[in-house]
Structures are given as C-alpha cells and as structure tokens.
Amino acid sequence: MADNAANLGEGLRIGEVSFTPIQSSPYIAPYRMKFIQNDKKRVWDCVKAHDSLSILLFNTSTKELVIVKQFRPAVYARKLFDKLEKEGTMDLSKLSELTEIKQDSLCNSREGITYEVCAGLVDKNKPLEEIAQSEAWEECGYRVPLENIKKFNSYLSSLGLSATKHTMFYAEVTNEMRVGTGGGLTTEQEEIEVLHLSLGAARHLLWDETRFKSCGLCLAITWFLTTQDMKLYD
Ligand SMILES: Nc1ncnc2c1ncn2[C@@H]1O[C@H](COP(=O)(O)OP(=O)(O)O[C@H]2O[C@H](CO)[C@@H](O)[C@H](O)[C@H]2O)[C@@H](O)[C@H]1O
Ligand SMILES: [Mg+2]
C-alpha cells in the first residue's frame, strides 16, 4: 500500500475544535418514535438521514482497486471524547457546553482518517447510477461510462439509529479514464486522497485494525475478491 502507519494523516492539521447543539441541519433530523409493541408502550430515539451509495472502482490497466482516504469529523470526535473522559475533563451529558477544548488535549489528526469506498449521499433526484458516476469523477478523477456502472448489493446501515439505505456499485475503469485528480469538491471543502491498492494490499487492509475502515469497504473488497477476482484471472 502506498501509505503506511507512519505517514497516516501527514500534513493534516486539526485545531480549534468545539461543539454546539444542532438547531437545524440539511443532513440529519433527530426524532422520537412512540409505539405499542405487543401491548407494551415503547419509545425509540432515531435520526432521519440521507441514503447513500458507493462505487468500487477496479482499474483493469493496473489491476488495482481505487478507494479513498479522508478526515471524518465523527471518527475524530469519538477518539477525542474517549480521551477527555479518561482525563476526567468531560461530561458527555454536557457536550454542548464544552465550547473550548485546550489545544494540548486534542488528538493526533490521524485519529480521524478513514479508508472508504468512493461514496456519496443520495440527496439529488437523479438515478443512482448518475450519482455514482459523479462521485467517481469528483472524488477519484475517473470519467466512468454509465454502462460500466453495475449495482451489486444494498443494505440498511445504522439500524439502531437511522436505517439509511446504502446501495453498492462497481465499475471497471482504465488508465485512459483517469482524466482528473479527484480529491472531492472544493465547494464542499472536501480533501480526499485517492488510493490505488494492489489486490494483496486490499486483502491486507481488510484485517488491519490500525486503520479505520467503513464496513462498506470491507464488504466491497470481500465481494470483489470472492466474485470478480477469479473472473478477471480465469
Ligand atoms: N453531517 C454533515 N455535516 C456537515 N456537512 C456534511 C454532512 N454530511 C455531508 N456533508 C457535506 O456534504 C458533502 C457530502 O459528501 P458525499 O456526498 O461524498 O457524502 P459522504 O461520502 O461524506 O458520506 C456518505 O457516504 C458514506 C459512505 O457510505 C456514509 O457513511 C455517510 O453516511 C454518507 O453521508 C460532504 O463533503 C460535506 O461537505
Ligand atoms: Mg463522499
């Protein structure tokens, strides 16, 4: 793999972290569902969120899988909460009062870095294949013809909180289709690193607990290695 644990998140600086309560958001809406289950009253707190999709790219010119690496605030925040709780300087129930965190209490930026399949929110009224095509361009710099994009699975994620639907796509690409650098939309302040993984590196990443990965990435790599890899080398 092109990166190693030593240079994970090199050059990334995270500072001036603070937390506020959410008044309203274009991304999530918390709600409480009350219901009767077999004559018993029940209550469940949930979050309405957008569905999402991902597109696993396989570059047939180099025989590499194309994935992305990026900073995820929620991943960083959970590590920071762990640290502050251990230091005894934080009460999770007073999270929104914690407006200023001392710089020396912050975690290393690498604690928020994740490995994922190129992915995006389904927040536009367009066919999923077209959204997947845009994500492959914006995040990875590949111009993928629509006919190359195949759906291979879907599932509901965060079942206890939001049950958002995630749809998984796959596309074979070539070096000729890499006409951009990717990296995400600057208008959305995205800073996404594109990684080209040999199949050996992908197999290794599956079980490497020193790196944070989405379950979707593990599922996509496993699907590829168990169903597509054999076809390509037959
Ligand atoms: N909560 C939030 N707060 C502030 N800005 C936000 C935000 N959510 C999205 N955004 C903004 O909208 C952009 C959306 O980016 P994408 O469409 O690539 O979705 P993303 O890959 O982040 O997550 C999608 O795909 C991954 C992978 O499946 C899922 O885990 C994830 O839930 C889904 O959002 C972000 O770069 C950011 O600018
Ligand atoms: Mg994305």
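Let's start away from the ligands: Q103 is found in the loop between α1 (73–87) and β5 (113–116). Is Q103 buried or exposed? With a relative accessible area of 51%, Q103 is exposed, because the cut-off for that class is over 50%. Along the chain, Q103 and V17 are 86 residues apart, yet their C-alpha atoms are separated by 8.4 Å.

Please keep in mind that this is a predicted model. The protein averages a pLDDT of 90, and 91% of the residues score at least 70. For the complex, the predictor gives an ipTM of 0.92 and a pTM of 0.93.

**Around ligand 1**

Which residues surround ligand 1? The shell consists of Y27, S52, R72, A119, G120, L121, E135, E139, H166, E188 and E190. Sorted by character, these residues divide into 3 nonpolar, 3 polar and 5 charged. Two elements, β6 (118–121) and α2 (128–140), each supply at least two residues of this shell. The most comes from β6, which gives 3 residues.

Three polar contacts with oxygen atoms of ligand 1 are set out here:

| Residue | Protein atom | Distance to an oxygen atom of ligand 1 |
|---|---|---|
| A119 | backbone N or O | 2.9 Å |
| L121 | backbone N or O | 2.8 Å |
| E139 | polar side-chain atom | 3.1 Å |

On its own, ligand 1 has 700 Å² of accessible area, and the protein covers 62% of that.

**The magnesium ion**

Two residues from that table turn up again at ligand 2, the magnesium ion. Which protein atoms serve as its donors? They are the O of A119 and an OE of E139, lying 2.2 Å from the ion. Because A119 lies in strand β6 and E139 in helix α2, the pair ties together parts that are 20 residues apart in sequence.

How do these two donors sit with respect to the protein surface? A119 has a relative accessible area of 21% and is therefore partly exposed, since buried would require a value under 20%. E139, with a relative accessible area of 2%, falls under that cut-off and so is buried.

**Pulling it together**

A119 and E139 each take part at both ligands. A backbone N or O atom of A119 lies 2.9 Å from an oxygen atom of ligand 1, while the O of A119 is a donor of the magnesium ion. E139 places a polar side-chain atom 3.1 Å from an oxygen atom of ligand 1, and an OE of E139 is a donor of the magnesium ion as well.

Terms used:
Residues numbered from 1 in each chain as written. Chains lettered and ligands numbered in written order. Predicted model: local features only at pLDDT ≥ 70, side-chain atom pairs only at ≥ 80, totals over all residues. Heavy atoms only, no water. Near = heavy atom within 4 Å. Polar contact = N/O pair within 3.5 Å; in protein donor to acceptor, adjacent residues only side chain to side chain. Areas by Shrake-Rupley, 256 points an atom, 1.4 Å probe, with all protein chains shown as cover. Helix = DSSP H or I, 4+ residues; strand = E, 2+ residues; numbered from the N terminus. Nonpolar A, V, L, I, M, F, W, Y, C, P; charged D, E, K, R; others polar. Donors = N, O, S within 2.8 Å, 3.2 Å for Na, K, Ca; no water. Buried < 20%, exposed > 50% of the residue type's maximum accessible area, 1.4 Å probe, protein only. pLDDT = per-residue confidence, 0-100.
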